[in-house]
Amino acid sequence: MKKIIIAIDGYSSSGKSTMAKELAKETGYIYIDTGAMYRAVTLYALRQGYFEGNHVNEGKLKADMPNISISFQFNPSTGKSDTFLNGENVEKEIRSMEVAKKVSLVASLSFVRKAMVAQQQAMGKEKGIVMDGRDIGTVVFPDAELKLFVTASPEVRARRRVEELLAKGEKVSYEEVLENVKERDYLDSTRKESPLRQAKDALVLDNSNMSRAEQEAWLKEKFEACVKE
């Protein structure tokens, strides 16, 4: 059976990362969370004190980009991949609201995207990968054999995000998260560098009213149809 590249794009908290991880596990493919890569760069900038309110010191961050290495390692205890920043496991830190509030600012910077896209394309040379993000099917892998675009209403996505954060012990309000979701939608869709948009040949999945099992069945069907072509 031929190996392909699966590109999954969509809005924040639409469940695309969970779907991508399950699909990778089901197919034996390598999962690459590009959103986690931008979150890791954001965490690095926060740690270095490169933020002043909603502004990041672009000069300092750009000079530091060659020193930022992001990788993924399989975690046998969770059955999923963890994100590593310069050799340090930062999977928990990058999922915080502090990072979520800043990540769109960092992800909109052209030099950051250029560096991350280069790393992502290198990861996909051998195919057999599932990659999710905002511009995978349009910029990173425009020739991907299977492209998906995932969406859900802002309210549904905010509820999912709140449940996820509360489960991790982080106290947040629904209103705060909903505002963050809408703000990220706007920033991701209107930025000049690689904005979030649906690839013309992408299959659209609105999972607002779908169960996890229904999503997995839909994904499996699309994957099997693609690899048999």
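In what order do the 5 strands of the open sheet stand? The order is 2-8-1-9-10, and the pairing is parallel. This is a predicted model.

**The sheet**

Strand 2 (30–33) and strand 10 (203–206) stand at the edges. Each has a single partner strand, so one side of each is left without a neighbour in the sheet. Neighbouring strands are turned by 20° against each other on average, direction ignored.

Strand 8 (residues 129–133) pairs with strand 1 (residues 5–10) in the parallel sense over 5 bridges. Strand 8 also pairs with strand 2, again in the parallel sense, over 4 bridges. Such pairing in a sheet runs through backbone hydrogen bonds.

Some positions can be matched across the strands. Asp9 stands opposite Gly133 in strand 8. Ile8 stands opposite Asp132 in strand 8. Asp132 is also the bridge partner of Asp33.

Helix 2 (residues 34–47) packs on this sheet. Helix 2 touches strand 2 and strand 8, and its direction makes about 40° with that of strand 2.

**Strand 8 under cover**

Is strand 8 mostly covered or mostly open? It is mostly covered: 5 of its 5 residues are buried. The burial holds on both faces. One side carries Ile129, Met131 and Gly133, and the other carries Val130 and Asp132. Asp132, with Ile8 opposite, is therefore among the residues with under 20% relative accessible area.

**Aromatic pairs**

The model has 2 aromatic pairs. Their geometry is set out below.

| Pair | Type | Centre to centre | Angle between planes |
|---|---|---|---|
| Tyr11 and Phe149 | edge-to-face | 5.9 Å | 80° |
| Tyr29 and Phe223 | edge-to-face | 5.6 Å | 90° |

Tyr11 and Phe149 link distant parts of the chain, 138 residues apart. Tyr11 lies in the loop between strand 1 and helix 1 (16–27). Phe149 lies in strand 9 (residues 146–151). Tyr11 counts as partly exposed because its relative accessibility is 23%. Phe149 is buried, with a relative accessible area of 6%.

Tyr29 and Phe223 also link distant parts of the chain. They are 194 residues apart. Tyr29 sits in the loop between helix 1 and strand 2, while Phe223 belongs to helix 10 (residues 212–227). Tyr29 counts as buried at 11% relative accessibility. Phe223 counts as buried at 8%.

Why does Tyr29 count as buried? The cut-off for buried is under 20% relative accessible area, and Tyr29 has 11%, so Tyr29 falls in that class.

**The largest pocket**

About 1000 Å³ of space lies in the largest pocket. Which residues come closest to its centre? They are Ser17, Thr18, Lys21, Arg95 and Glu164, out of 43 that line the pocket.

Several elements each supply at least two residues of this lining. The helices are helix 1, helix 2, helix 5 (103–107), helix 8 (154–167), helix 9 (174–190) and helix 10. The strands are strand 6 (80–85) and strand 8. Helix 1 gives the most, with 6 residues.

Some of these elements have appeared above. Strand 8 pairs with strand 1 in the sheet and supplies lining residues. Helix 2 packs on the sheet and supplies lining residues too. Helix 10 holds Phe223 of the aromatic pair with Tyr29, and helix 10 is also part of the lining.

Technical notes. Residues numbered from 1 in each chain as written. Predicted model: local features only at pLDDT ≥ 70, side-chain atom pairs only at ≥ 80, totals over all residues. Heavy atoms only, no water. Pairing = 2+ DSSP bridges. Axes fitted to C-alpha atoms, helices over the stretch in contact; angles between N-to-C directions. Contact = heavy atoms within 4.5 Å. Phe/Tyr/Trp six-rings, centres within 6.5 Å; stacked < 30°, edge-to-face > 60°. Buried < 20%, exposed > 50% of the residue type's maximum accessible area, 1.4 Å probe, protein only. 1 Å grid on protein atoms, 1.4 Å probe; cavity = no way out; pocket = protein on both sides within 12 Å on 5 of 7 lines; lining within 4 Å. Points joined across faces, edges and corners; volume = space filled by probe spheres on them.
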